[in-house]
Amino acid sequence: MTEADIEAVSAVRVHGWQRAYRGLMPQAYLDAMSVAADAERRRSWFGRRSPEVSDLVAERDGEVVGWACVGPARDPDIAPAAGELPAPRPTAGELLALYVAPGLIGTGIGRALLSAGTTRARASGFHTLYLWVVRGNSRAQRFYERAGFVPDGAEEAYEVDGSSVPELRYRRCLA
């Protein structure tokens, strides 16, 4: 991913959220999502992101049609705690995002991005790859389970427009 891809990545992400999370999050929140606002936040983040984070895009005919992001695991129960000496390199990675343009879901783009992200995670020295899935997003759950990910029992919720949105954590051994 380059800085020039940000607007297209934001479009894929926003439209992906609006389709995947319909009925799982407040509709007013999904309807209010803005590609321009997402792109602005992403531009700000892009210049400050850790060099350990990899953003990957899938293109078709020169257009961005998918985006994945992989980096070190963020959860305290799988990452070194504050005050601990971290390993020379983190050994647990996280698939931070994977989105495909809604009209192209099921065409292999997601599998290709997941494969590229997994390859990048292994190259970064990660032995395990984690990810979070919104509970009830059965299409995503089936996709990740077919790719070898299994729920690890961790569950967490975050608030979206006053509603609690539960997520399930999945993991896959890469070693």
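This report describes the nonpolar core, the salt bridges, a charged surface patch and two residue pairs of a predicted model.

Residues are numbered from 1 along each chain as its sequence is written, and side-chain values use heavy atoms, with hydrogens and water left out. Because the model is predicted, local features need pLDDT of at least 70 and side-chain atom pairs count only at pLDDT 80 or more, while totals for chains, interfaces and linings use all residues.

**Core**

The largest nonpolar core (buried Ala, Val, Leu, Ile, Met, Phe, Trp, Tyr and Cys residues joined through side-chain atoms within 4.5 Å) has 25 residues. Buried means under 20% relative accessible area, exposed over 50%, and partly exposed in between, with a 1.4 Å probe and protein chains only. Leu98, Leu113 and Tyr144 touch the most other members of this core. Two or more residues each come from strand 1 (54-60), strand 2 (63-72), strand 3 (92-100), helix 4 (109-123), strand 4 (128-134), helix 5 and strand 6 (163-173). Helix 4 gives the largest share, four residues. Helices (H or I, at least four residues) and strands (E, at least two) are DSSP runs, numbered from the N terminus.

**Salt bridges**

The model has 10 salt bridges, each defined as a side-chain nitrogen of Lys or Arg within 4 Å of a carboxyl oxygen of Asp or Glu. Three of them are listed here.

| Pair | N to O distance |
|---|---|
| Arg13 and Asp38 | 2.6 Å |
| Asp38 and Arg41 | 3.6 Å |
| Arg135 and Glu155 | 1.8 Å |

The bridge between Arg13 and Asp38 links distant parts of the chain, since Arg13 is in helix 1 (residues 6-20) and Asp38 in helix 3 (residues 35-46), 25 residues apart. Both Arg13 and Asp38 are buried, Asp38 with a relative accessibility of 2%. Asp38 and Arg41 are three residues apart in helix 3, so about one helical turn separates them. Arg41, in contrast to buried Asp38, is exposed at 52% relative accessible area.

Arg135 and Glu155 form another salt bridge. Arg135 lies in the loop between strand 4 and helix 5 and Glu155 in strand 5 (residues 150-160), so this pair ties together parts that are 20 residues apart in sequence. Both are partly exposed: Arg135 has a relative accessible area of 40%, and Glu155 has 46%. Elsewhere, salt bridges that share partners join Arg13, Asp38, Arg41 and Arg42 into one network.

**Positive patch**

On the surface, Arg19, Arg22, Arg111, Arg139, Arg142 and Arg146 gather in a patch of positive charge. Patches take residues with over 30% relative accessible area and no salt bridge, with like charges joined within 9 Å and nonpolar side chains (Val, Leu, Ile, Met, Phe, Trp, Tyr) within 5 Å. Lys and Arg count as positive and Asp and Glu as negative, with His and the chain ends not counted. Helix 5 (residues 138-146) gives the most to the positive patch, with three residues. Arg139 is placed in helix 5 and is partly exposed, with a relative accessible area of 47%.

**Two residue pairs**

Leu96 is in strand 3 and is partly exposed at 30% relative accessibility. Between the C-alpha atoms of Leu96 and Ser124, which are 28 residues apart along the chain, the separation is 15 Å. Thr119 lies in helix 4 and is partly exposed, with a relative accessible area of 48%. Thr119 and Leu174 are 55 residues apart in sequence, and their C-alpha atoms are 9.2 Å apart in space.

Note on methods: Areas by Shrake-Rupley, 256 points an atom, 1.4 Å probe, with all protein chains shown as cover. Charge placed at Lys NZ, Arg CZ, Asp CG, Glu CD.
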